[in-house]
Amino acid sequence: MGRPLVFEILEKPATSCFIGICSAIWFYIQKKNIGYSHVGLSYETAIAGHHWRIITSAFSHISILHLVFNMSALWSLGVIEKLGPIGLGMEYYLQYTLVLVVLSGALVLGMYHILIQKFKIEYFRRVTAVGYSCVVFGWMTILSVKQPTSKLHLFGFLSLPISFAPFESLIFTSIIVPQASFIGHLSGIVVGYAIAWGLIHGMNNYWAVSMLGWIVLVSVFSLKRSGAYDFSFLEIESITDPSLPSVRFVGNGRTLQMTSLPATGVELV
């Protein structure tokens with residue numbers, strides 16, 4: 001008989017929280033009948049300034065099968081929280097989950113850009129990605145490098161050697177879920193290797209909190225500017241030069257003018 005679930009949850013608190021968040025969002029999406037086009041990430045929506053979708057797309061699932069696969073894999077990967085002695089642990093897990101969410105989403109958009117602009121494959125202009133798979137595949141990859149003797153347990157009965165799990169899962173999901181994003185999963189693997197090999201390093205609590213603050217700020221401004229959500233306390237208007245947006249906080253009369261890249265440059269990033 002296995003250990004009581006409550007002890008497992010206490011040993012993997014961050015993993016349990018992420019599973020709870022993704023599950024709650026899935027339930028809300030189903031209840032409100034929200035389509036993937038409203039929360040997913042695509043090249044066209046990124047160009048339109050919907051930068052907040054990098055975050056919403058990562059935590060949203062439409063298919064129950066997709067949710068179960070990702071959360072089952074994530075639960076197994078929660079062992080990372082208990083590996084503090086080898087340089088992992090809960091703080092590392094939280095810090096680099098943030099990195100995986102942002103960089104894998106940005107890499108997906110970069111790949112779409114190359115496929116559209118360089119190879120003229122217009123199909124990827126409207127492809128919309130949703131799901132936590134980028135992060136899951138990233139952590140599979142990191143664990144396969146840091147502790148290659150581990151195993152990945154899926155659905156409670158399927159066990160895969162972690163050293164092969166990223167690419168086995170990449171093929172497996174492409175077969176059983178034809179609409180699965182190959183590019184999204186591959187992006188998670190690439191960012192995962194970059195973290196595991198030390199190409200991306202130096203994250204600590206200070207940088208994690210700073211990064212989270214910028215994510216919140218960019219998300220709020222992109223939600224307001226794109227018209228996706230109306231923050232009544234915030235107004236964005238152009239002054240002097242249309243390319244330099246200003247931000248006015250309603251109620252105190254203060255105006256902040258910010259420099260920015262030309263619109264075409266921002267859209268390409």
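Reader: How much area does the protein chain expose, and what share of it do carbon and sulfur atoms supply?

Author: The protein chain exposes about 14500 Å², and carbon and sulfur atoms supply 68% of that area. Keep in mind as we go that this is a predicted model.

Reader: Thanks! What share of the residues counts as buried?

Author: Buried means under 20% relative accessible area. Here 42% of the 269 residues of the protein chain count as buried. The chain has twelve helices and five strands. Among contacts with a separation of 6 or more, 65% are between residues 24 or more positions apart.

Reader: Let me take one helix. How does the span of α6 compare with what 1.5 Å a residue should give?

Author: Helix α6 covers residues 64–77, and its 14 residues should span 20 Å at 1.5 Å a residue. The end C-alpha atoms are 20 Å apart, which agrees. Just at its start, a side-chain oxygen of S63 comes to within 3.2 Å of the backbone nitrogen of L65.

Reader: Is α6 largely enclosed or largely open?

Author: A general idea helps first: an α-helix has 3.6 residues a turn, so residues three or four places apart point the same way. In this case, ten of the 14 residues of α6 are buried, so the helix is largely enclosed by the rest of the structure. Among the buried residues are H66, L67, F69, N70 and M71.

Reader: Which elements cover those buried residues of α6?

Author: The cover includes the helices α2 (13–32), α7 (89–117), α8 (133–146) and α9 (165–176), along with the strand β1 (151–154).

Reader: Now the rings. How many aromatic pairs does the structure hold?

Author: It holds twelve aromatic pairs. Take F59 and Y132: their centres are 5.4 Å apart, with 45° between the planes, and the pair is tilted. F59 sits in helix α5 (residues 53–59) and Y132 in the loop between α7 and α8, so that the pair links distant parts of the chain, 73 residues apart. Both F59 and Y132 are buried.

Reader: And why is the pair of F69 and F172 called tilted?

Author: Planes under 30 degrees apart count as stacked and over 60 as edge-to-face, with the rest tilted. The planes of F69 and F172 are at 35° and the ring centres 6.3 Å apart, so this pair is tilted. Because F69 lies in helix α6 and F172 in helix α9, the pair ties together parts that are 103 residues apart in sequence. F69 is buried, with a relative accessible area of 6%, whereas F172 is partly exposed at 30%.

Reader: Which residues do ring pairs link into a cluster?

Author: The cluster contains F18, F59, Y92, Y93, Y96, Y132 and W139. Elsewhere on your ring list, look at W75: K12 lies over its face, at 3.8 Å from the ring centre.

Reader: What surrounds H185?

Author: H185 is in helix α10 (residues 182–196), and is buried with a relative accessible area of 4%. Setting aside neighbours within four places in sequence, H185 is in contact with S133, F137, L170, T173 and A180.

Reader: One last residue: is G40 buried or exposed?

Author: G40 has 0% relative accessibility, so this glycine counts as buried. G40 lies in the loop between α3 (36–39) and α4 (43–47). The C-alpha atoms of G40 and A129 are 5.3 Å apart in space, though the two are 89 residues apart in sequence. Not counting residues up to four places away, G40 touches T45, R53, S57, T128, A129 and V130.

Key. Residues are numbered from 1 along each chain as its sequence is written. This is a predicted model: local features need pLDDT of at least 70, side-chain atom pairs count only at pLDDT 80 or more; totals for chains, interfaces and linings use all residues. Side-chain values use heavy atoms; hydrogens and water are left out. Helices (H or I, at least four residues) and strands (E, at least two) are DSSP runs, numbered from the N terminus. Buried means under 20% relative accessible area, exposed over 50%, partly exposed in between (1.4 Å probe, protein chains only). Contact means heavy atoms within 4.5 Å. Accessible areas come from the Shrake-Rupley method with a 1.4 Å probe; for residues, only the protein chains shown count as cover. The expected span of a helix is 1.5 Å times one less than its number of residues. A polar contact is a pair of N or O atoms within 3.5 Å; within protein, one must be able to donate a hydrogen and the other to accept it, and residues adjacent in sequence count only if both atoms are side-chain atoms. Rings of Phe, Tyr and Trp (its six-membered ring) pair if their centres lie within 6.5 Å; planes under 30 degrees apart count as stacked, over 60 as edge-to-face and the rest as tilted. A charge sits over a ring if NZ of Lys or CZ of Arg is within 6 Å of the ring centre and within 35 degrees of the ring normal.
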